[in-house]
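I opened the notebook with the sequence and the model side by side, meaning to write down what I looked up in the order in which I looked. The entries follow.

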Amino acid sequence: MYPPFTIGATFRIVPPGTPASTEGRIDLVMDRGAFGSGEHETTASCLEILAELPEVRGARVLDLGSGTGILAFAALKLGAARAVCVDINPQAVETARRNGELNGLTDRLIHRAGTLGSAGEDPFDLVLANIYGDILLNLAEDLTRRARPGALLLLSGILWEYNFEVRQHYERLGCEIIRNRMLEQFSTVLLRKRKPGNHL
């Protein structure tokens, strides 16, 4: 067990069995294990940005490298329609599945063990990927292809040394930078995939 803690102005991370928040916060119930419960700066950064995005409501979400599933759960509790969680580690997938049950989100969640190819071909309205910068570079073409025109991509886990290269690469693939947030060691980048004919 661990004491509940808050992230930003919106979320509270709590262990199973914790009474619901009385302060209007959104509770994310996380059974702490090998994959953490949201303390890492990249996860917190993504949660804070997600809470500020009205586009989350009704969105079809891809959470690549989902780990505990916390980012997908946050999106769903902010009003996303459904989420696909993909992680290469089968143990992480089981952790996310269990946490999804604890949050009462099973009916809007799909869990896949594997790589990006496991996500299916349908386009997503919101792509979440809190993974390493070099992986984001290697997967850039496939990741942007799975985002519909106008979709948001929230990328994190990017060490400072990769930040410029990641931004530049995704811009070349037709994305515009909405926000570039530098953390203590890592960075978070919010992008929008341009619609055809939009050359901002």
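**Entry 1: helix 1 and the cores**

In this predicted model, I began with helix 1, where 8 of the 10 residues are buried, so the helix is largely enclosed by the rest of the structure. I listed its buried residues as T42, T43, A44, S45, C46, L47, I49 and L50.

I then asked which residues have the most contacts inside the largest nonpolar core. They are L47 and L50, in a core of 34 residues. The elements that give this core two or more residues are strand 2, strand 3, helix 1 (41-50), helix 2, strand 5 (82-87), strand 7 (124-130) and strand 8. Helix 2 gives the most, with 7 residues.

Apart from this core I found another, of 24 residues, which includes V84, V166, Y170 and C175.

Returning to L47, I noted that, once residues up to four places away in sequence are set aside, L47 touches I7, F11, I13, L28, I70, L71 and A74.

**Entry 2: the chain as a whole**

I counted 6 helices and 10 strands in the secondary structure of the protein chain. For 200 residues, a compact globule would have a radius of gyration near 16 Å, and the chain agrees with this because its own value is 16 Å. Along the principal axes, the C-alpha atoms fill a box of roughly 50 × 35 × 30 Å.

Buried residues make up 50% of the 200 residues in the chain. The accessible surface comes to about 9200 Å², and carbon and sulfur atoms account for 51% of that surface. Among the contacts with a separation of 6 or more, I noted that 62% are between residues 24 or more positions apart.

**Entry 3: S156**

I looked next at S156, which lies in strand 8 (residues 147-159). Is S156 buried or exposed? With a relative accessibility of 0%, S156 counts as buried, because the cut-off for buried is under 20%.

The side chain of S156 makes a polar contact with the side chain of T188, at 2.8 Å. Leaving out residues up to four places away in sequence, I found that S156 touches T42, C46, A129, N130, I131, L136, S187 and T188. Two of these names took me back to the first entry, since T42 and C46 are among the buried residues of helix 1.

**Entry 4: strands 9 and 10**

From T188 I went on to the strand pair, where strand 9 (residues 175-182) and strand 10 (residues 186-193) run antiparallel and are joined by 7 bridges. The two strands form a hairpin, with 3 residues between them. I looked up one bridge by name and found that the partner of M182 in strand 10 is S187.

**Entry 5: R25**

I located R25 in the loop between strand 2 (11-14) and strand 3 (26-29). R25 has a relative accessible area of 21% and is therefore partly exposed, as the cut-off for buried is under 20%.

Which backbone oxygens does the R25 side chain reach? The side chain reaches the backbone oxygen of G8 at 3.0 Å, and it reaches the backbone oxygen of F11 at 3.0 Å as well. Leaving aside neighbours within four places in sequence, I recorded contacts of R25 with T6, I7, G8, A9, T10, F11 and R12. As a check on distance across the chain, I took R25 and D134, which are 109 residues apart in sequence and 35 Å apart in space from C-alpha to C-alpha.

**Entry 6: the loop with G65 and T68**

My last stop was the loop between strand 4 (60-64) and helix 2 (70-77), where I found T68; G65 has its place in the loop between strand 4 and helix 2 too. T68 counts as buried, at 5% relative accessibility, whereas G65 counts as partly exposed, at 25%. The side chain of T68 reaches the backbone nitrogen of I70 at 3.4 Å.

For G65, I set aside residues up to four places away in sequence and found that G65 touches V86, D87, N130 and I131. N130 and I131 were already in my notes, as residues that S156 touches. I also noted that G65 and L116, which are 51 residues apart in sequence, are 8.8 Å apart in space, C-alpha to C-alpha.

Terms used: Residues numbered from 1 in each chain as written. Predicted model: local features only at pLDDT ≥ 70, side-chain atom pairs only at ≥ 80, totals over all residues. Heavy atoms only, no water. Helix = DSSP H or I, 4+ residues; strand = E, 2+ residues; numbered from the N terminus. Buried < 20%, exposed > 50% of the residue type's maximum accessible area, 1.4 Å probe, protein only. Polar contact = N/O pair within 3.5 Å; in protein donor to acceptor, adjacent residues only side chain to side chain. Contact = heavy atoms within 4.5 Å. Pairing = 2+ DSSP bridges. Rg over C-alpha atoms; globule rule 2.2 N^0.38 Å. Areas by Shrake-Rupley, 256 points an atom, 1.4 Å probe, with all protein chains shown as cover. Core = buried A, V, L, I, M, F, W, Y, C linked by side-chain atoms within 4.5 Å.
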